Amino acid sequence: TQVLENEVAVITGGASGIGREIARRFAADGADIVIADIQDTPREGGEPTHELIDEETEAETAYVECDVSSVDDLESAVVAADEFGGVTVMVNNAGIFHGEEFLQTEEEAFDRMMNINVKGVYFGAQAAARRMVEADGGSIINLSSVAGLEGSGEFVTYCGTKGAVRLLTYSMAAALGPDGVRVNAIHPGLIETTMTTDDVSIIGSEDEDAFLESIPSRRAGQPDEIADAAVYLASDQSSYVNGESLVVDGGMTNT
Ligand code: NAD
């Protein structure tokens, strides 16, 4: 049997980057998947992710157009999983980064990041948990960041949103644990995606070498290395792991 057999996963932001690799790995490991994203193709272009996974695996797949800042859209994404038997794993992965200076940050940019990175996680978890507590429980995985563990003067708003995700995770674990729902966070370090090549210019920039010096593993991580952590938290292999922060950062944070 496969490690995620009989699981049905909803992955927000699952068309690109980290979410895309989580969706691919989950499907390869036996889960059916719903990709909930504002677009069905990767940000850098290419074939729709759910079609690729259909070709690669035996999994049932669906794409739902979903802006995670809309509670109704999140509900639709969870409803789409009913077709496959109902959501058992919710991955609140969608997130955005923009790095204005603190003194220059405007209300609209602040609200947008809070609505996607924080409100989206809150109501994504709520929509999934309402079904999980009625069923046999489940696993909720929230994407925080190393930016949710340490502050940074350069990324004030982003750190605030990711710190919020961390304590929402612990608090939701406390609220839902008695009903058999586990809630954990993954805190990636520098992972090579469109976010880190384009939105925040680290990978491929003149600062890259200096940045890599601060990482014991001396390289950026790849999205599939976060997907491995997500498989662990989604599966029964982590059945007694709850309200935990799993840091996957090549050693950046503790050194
Ligand atoms: P990415 O930009 O490569 O992909 C993000 C995906 O989310 C895209 O498919 C995009 O269409 C989707 N998305 C954006 N806004 C959305 C919305 N409102 N509703 C639904 N979907 C939306 O980003 P990534 O690097 O894969 O990051 C995924 C998550 O991991 C984010 O929460 C990010 O903050 C977190 N993270 C990334 C890194 C990194 O180094 N890449 C590090 C730490 C944490």
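In the predicted model, Arg 218 is placed in the loop between α7 (208-213) and α8 (223-234). Its phi is positive, about 55°, although the residue is not a glycine. Arg 218 is classed as exposed because 11 other C-beta atoms lie within 10 Å, and a residue with 12 or fewer counts as exposed. A positive phi in a residue other than glycine is also found at Asn 6, where the value is near 75°. Asn 6 belongs to the segment before β1. With 12 other C-beta atoms within 10 Å, Asn 6 is likewise exposed.

The strands of the model were examined next. An open sheet is formed by seven strands in the order β3-β2-β1-β4-β5-β6-β7, with parallel pairing. At its edges stand β3 (61-65) and β7 (245-248), each of which pairs on one side only. Neighbouring strands of the sheet are turned against each other by 15° on average, direction ignored.

Within this sheet, β1 (residues 8-12) runs parallel to β2 (residues 32-37) and is joined to that strand by five bridges. Val 10 has Val 34 as its bridge partner in β2, and Ile 11 stands opposite Ile 35 of the same strand. The chain passes from β1 through α1 to β2 in a right-handed β-α-β crossover. Towards β4, the pairing of β1 is parallel and comprises three bridges; here Ile 11 stands opposite Val 91. Strand β1 is largely enclosed by the rest of the structure, because five of its five residues are buried. Val 8, Val 10 and Thr 12 point one way from the strand, whereas Ala 9 and Ile 11 point the other way, and all are buried.

The pairing of β2 with β3 is also parallel and extends over five bridges. Asp 37 has Glu 65 as its bridge partner in β3. Together with helix α2 (residues 49-56), β2 and β3 make a right-handed β-α-β unit.

Two helices were considered for their packing on the sheet. Helix α1 lies across β1, β2, β3, β4 (89-92), β5 (138-143) and β6 (181-188), and runs at about 170° to β1. Helix α5 (residues 156-176) packs on the sheet through β5, β6 and β7, and its direction makes about 165° with that of β6.

Gly 148 is located in the loop between β5 and α5. This glycine is buried because 25 other C-beta atoms lie within 10 Å, against a threshold of 20 or more. With residues up to four places away in sequence left out, Gly 148 touches Lys 162, Gly 163, Val 165, Arg 166 and His 187. Gly 148 and Ala 164 are 16 residues apart in sequence, and their C-alpha atoms are 7.4 Å apart in space.

The surroundings of the ligand comprise 30 residues, of which Gly 13, Ser 16, Gly 17, Gly 95 and Thr 193 come nearest. By residue class, the shell divides into 14 nonpolar, 13 polar and three charged residues. At least two residues of the shell are supplied by α1 (17-28), and at least two by α6 (194-199). Helix α1 thus figures both in the shell around the ligand and in the packing across the sheet.

Definitions and conventions: Residues are numbered from 1 along each chain as its sequence is written. This is a predicted model: local features need pLDDT of at least 70, side-chain atom pairs count only at pLDDT 80 or more; totals for chains, interfaces and linings use all residues. A residue is near a molecule or strand if its C-beta atom, placed from the backbone, lies within 6 Å of it. Helices (H or I, at least four residues) and strands (E, at least two) are DSSP runs, numbered from the N terminus. Ala, Val, Leu, Ile, Met, Phe, Trp, Tyr, Cys and Pro count as nonpolar, Asp, Glu, Lys and Arg as charged, and the others, Gly among them, as polar. Two strands pair if DSSP finds at least two bridges between them. Axes are lines fitted to C-alpha atoms, for helices over the stretch in contact, and angles run from 0 to 180 degrees between N-to-C directions. Two residues are in contact if their C-beta atoms, placed from the backbone, lie within 7 Å. A crossover is right-handed if, with the strands pointing away from the viewer, the path from the first strand over the helix to the second runs clockwise.
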